[in-house]
Amino acid sequence: MTKRTMDPQQPNGTADYMVQSQGSPLNSGDGANGMINNNDAKRAKLDNMKPGNPSRVIHIRNIPPDVSEAEIIHLGIPFGRVTNVLVLKGKNQAFLEMEDETSASAMVNYFTNCVAQLRERSVYVQFSNHRELKTDQTHSNASASAQAALQAAQALSGQETNKPSGGPNTVLRVIVEHMVYPVTLDVIFQIFSRVGKVLKIVTFTKNGTFQALIQYPDVIMAQAAKLSLDGQNIYNACCTLRIEYSKLSNLNVKYNNDKSRDYTNPALPTGDPTMDSAMQMNATSSAPGVLGSPFSATMGLSNPLTAAAAAGAYGSPGALTSGIAGLTGFPLGSGGAGPQPYGQTGIRFPGSQNGSGTVLLVSNLDETQTECDHLFILFGVYGDVHRVKILFNKKDTALVQMAEAQQAILAMTHLDKVKLWTKQIRVMPSKHTSVQLPKEGQPDAGLTKDYATSNLHRFKKPGSKNYSNIYPPSATLHLSNIPSSVEEEDLKNAIKNIGLSVQAFKFFPKDRKMALVQLNSVEDAIIALVKLHNFQLSETSHLRVSFSKSTI
């Protein structure tokens with residue numbers, strides 16, 4: 001026999017209830033007829049109070065079924081100290097106990113005017129009809145992660161209150177330490193917009209360190225971002241976020257470009273006539289998949305508070321592992337097997353699932369020389385290119401679709417503003433979610449190509465060593481897959497035949513299948529790469545070319 005405690009405050013009789021078995025502590029019901037699911041059950045004792053009054057216990061409805069205790073706690077952290085949590089996954093409900101009614105009232109009032117979200121699902125916050133949430137320590141089967149989450153949240157709250165420096169502000173100053181891999185404004189936006197609406201971002205480099213100023217609409221969001229993201233890693237074991245409150249109360253943004261962005265004023269110029277022209281073309285396109293300004297195109301970042309527990313596949317930004325931890329000290333994400341210490345996880349950009357953020361707009365190309373194959377090879381250095389389309393009515397512009405969104409970010413970071421056939425190309429996110437193939441029988445003049453099944457992809461194999469050999473364009477190229485019958489002069493002649501000269505050449509001492517070749521400039525090396533990658537050296541061998549970090 002079971003009995004249910006209802007919360008009369010809820011609209012349409014939605015229940016704030018626990019299922020209680022006769023003669024036992026209260027348990028979460030999960031199953032037909034109130035049967036207890038031992039995996040999810042929580043035992044607690046609740047002291048009833050008169051309904052309709054404020055309480056330090058908050059009732060949260062419509063939570064995602066796989067939400068973690070830490071994500072529930074995260075909702076309450078900006079308003080005060082969280083003292084207990086209870087998640088009823090089978091009922092899509094949760095209870096959060098604050099230290100005092102003042103903190104609970106602030107939370108309820110805030111989320112009355114602004115809908116709370118967990119994993120992109122709207123959740124509803126209100127007072128519970130319970131005055132206190134007590135865990136039965138004798139019979140409790142509360143998960144270790146819940147206890148760890150509470151301890152971490154309380155520690156974080158203590159750090160905030162005891163910190164002697166400046167108080168909370170709407171503007172955060174973010175420093176990226178140990179920046180092994182590139183971090184862009186778009187990456188920063190995707191991370192911080194998961195906590196709340198980002199109004200403005202300004203990025204800059206100071207003393208050789210990448211920094212950003214981020215403005216939120218209110219102090220609550222800024223505080224939540226600081227508490228949940230400070231000390232976390234963007235990529236595995238590197239690119240650590242150090243966050244403090246800025247002395248500025250407002251950011252003055254003059255340009256919307258790769259260094260600064262005002263998301264409240266998309267009409268701002270970029271300060272670069274070439275890019276302004278490309279943006280105008282992108283904005284007026286009528287092709288399917290148009291979403292809005294290219295600067296609003298999301299790169300598909302997953303919720304930074306995701307609690308997936310699968311092991312990460314890779315240890316470099318070629319394939320980022322899931323979920324930046326929402327609170328440090330316990331595993332909300334996954335960067336490897338088992339619990340991870342502070343921020344050992346990375347962020348996942350799931351562009352391959354829905355196409356979001358995988359398409360790049362490439363402009364200012366040399367329309368007389370650039371072919372789809374050239375772009376496939378060049379962008380393929382940073383990810384697997386699935387499709388390339390050179391625009392029929394504007395042949396100096398192309399769309400390049402990558403396999404995953406983080407590959408698109410890497411390609412954009414390394415290839416924007418490089419020179420290809422003397423022209424400085426521009427690379428930015430496209431609003432298209434995919435590159436459309438021409439309909440059957442429709443003339444295309446070879447301007448669209450599908451490379452999804454190409455055997456030239458560098459990153460097809462999970463954990464490929466190519467992920468750890470991604471470098472920016474350089475004047476030195478790494479050559480591999482060289483058969484023993486090919487001599488140094490053969491390779492030099494191949495380069496001379498495409499109109500380039502070799503400055504230096506060296507076979508690897510212990511592996512003659514590989515060599516380094518140095519050209520006159522980075523621009524020459526790019527041309528050599530796009531023309532000679534997959535160049536046939538023998539009946540069974542094709543040359544592999546990539547950028548090198550070494551010099552000869």
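Two strands are taken to pair here if DSSP finds at least two bridges between them, and I begin with that because the sheet I want to show you is described in those terms. What you have in front of you is a predicted model, and please keep that in mind throughout.

With that criterion, we find an open sheet of five strands, in the order β22-β17-β19-β18-β23, with antiparallel pairing. The edges are formed by β22, residues 426–429, and by β23, residues 448–450, each of which pairs on one side only. Direction ignored, neighbouring strands of this sheet are turned by 20° against each other on average. If you look at the β23 edge, you will see that strand β18, residues 385–390, is joined to β23 by three bridges, the two running antiparallel, and that Lys 389 stands opposite Thr 448 in β23. Packed on the sheet is helix α9, residues 405–415, which touches β17 (359–363), β19 (398–402) and β22, and whose direction makes about 150° with that of β22.

Let me turn to two helices that are mostly covered. In α8, seven of the eight residues are buried, namely Cys 372, His 374, Leu 375, Phe 376, Ile 377, Leu 378 and Phe 379. In α11, which spans residues 522–532, eight of the 11 residues are buried; among them are Asp 524, Ile 526, Ile 527 and Leu 529. What, then, covers the buried residues of α11? The cover includes α8 (372–379) itself, together with β20 (419–420), β24, α10 (488–496), β26 and β27. Just after α11, Asn 534 takes a positive phi of about 75°.

Some of those strands come up again when we consider empty space. Rolling a probe the size of a water molecule over the atoms shows where such space is left. The largest pocket has a volume of about 790 Å³, and its lining comprises 29 residues, of which Arg 458, Lys 465, Asn 466, Ser 480 and Arg 544 lie nearest its centre. At least two lining residues come from each of β24 (476–480), β26 (511–519) and β27 (544–547), with β27 giving the most, four residues. By character, the lining of this pocket divides into 10 nonpolar, 12 polar and seven charged residues.

As for enclosed space, a search of the whole structure finds five cavities of 30 Å³ or more. The second largest cavity has a volume of about 70 Å³, and the residues that line it include Phe 376 and Ile 377, as well as Val 385, Arg 458 and His 533. Phe 376 and Ile 377, you will recall, are among the buried residues of α8, while Arg 458 was one of the residues nearest the centre of the largest pocket. The lining of this cavity divides into five nonpolar, four polar and two charged residues.

Finally, two backbone details elsewhere in the chain. Asn 92, in the loop between β6 (82–88) and β7 (93–98), has a phi near 55°, a positive value in a residue other than glycine. Is Asn 92 buried, partly exposed or exposed? Its relative accessibility is 26%, so Asn 92 counts as partly exposed. His 178, in the loop between β11 (171–177) and α4 (185–192), likewise has a positive phi, of about 50°, although it is not a glycine; His 178 is exposed, with a relative accessible area of 56%.

Key. Residues are numbered from 1 along each chain as its sequence is written. This is a predicted model: local features need pLDDT of at least 70, side-chain atom pairs count only at pLDDT 80 or more; totals for chains, interfaces and linings use all residues. Side-chain values use heavy atoms; hydrogens and water are left out. On a 1 Å grid over the protein atoms alone, a cavity is a set of points where a 1.4 Å probe fits but cannot get out, and a pocket is an open set with protein on both sides within 12 Å along at least five of seven lines; lining residues have an atom within 4 Å of a point. Grid points are joined across faces, edges and corners, and a volume is the space filled by probe spheres set on the points. Ala, Val, Leu, Ile, Met, Phe, Trp, Tyr, Cys and Pro count as nonpolar, Asp, Glu, Lys and Arg as charged, and the others, Gly among them, as polar. Buried means under 20% relative accessible area, exposed over 50%, partly exposed in between (1.4 Å probe, protein chains only). Contact means heavy atoms within 4.5 Å. Axes are lines fitted to C-alpha atoms, for helices over the stretch in contact, and angles run from 0 to 180 degrees between N-to-C directions.
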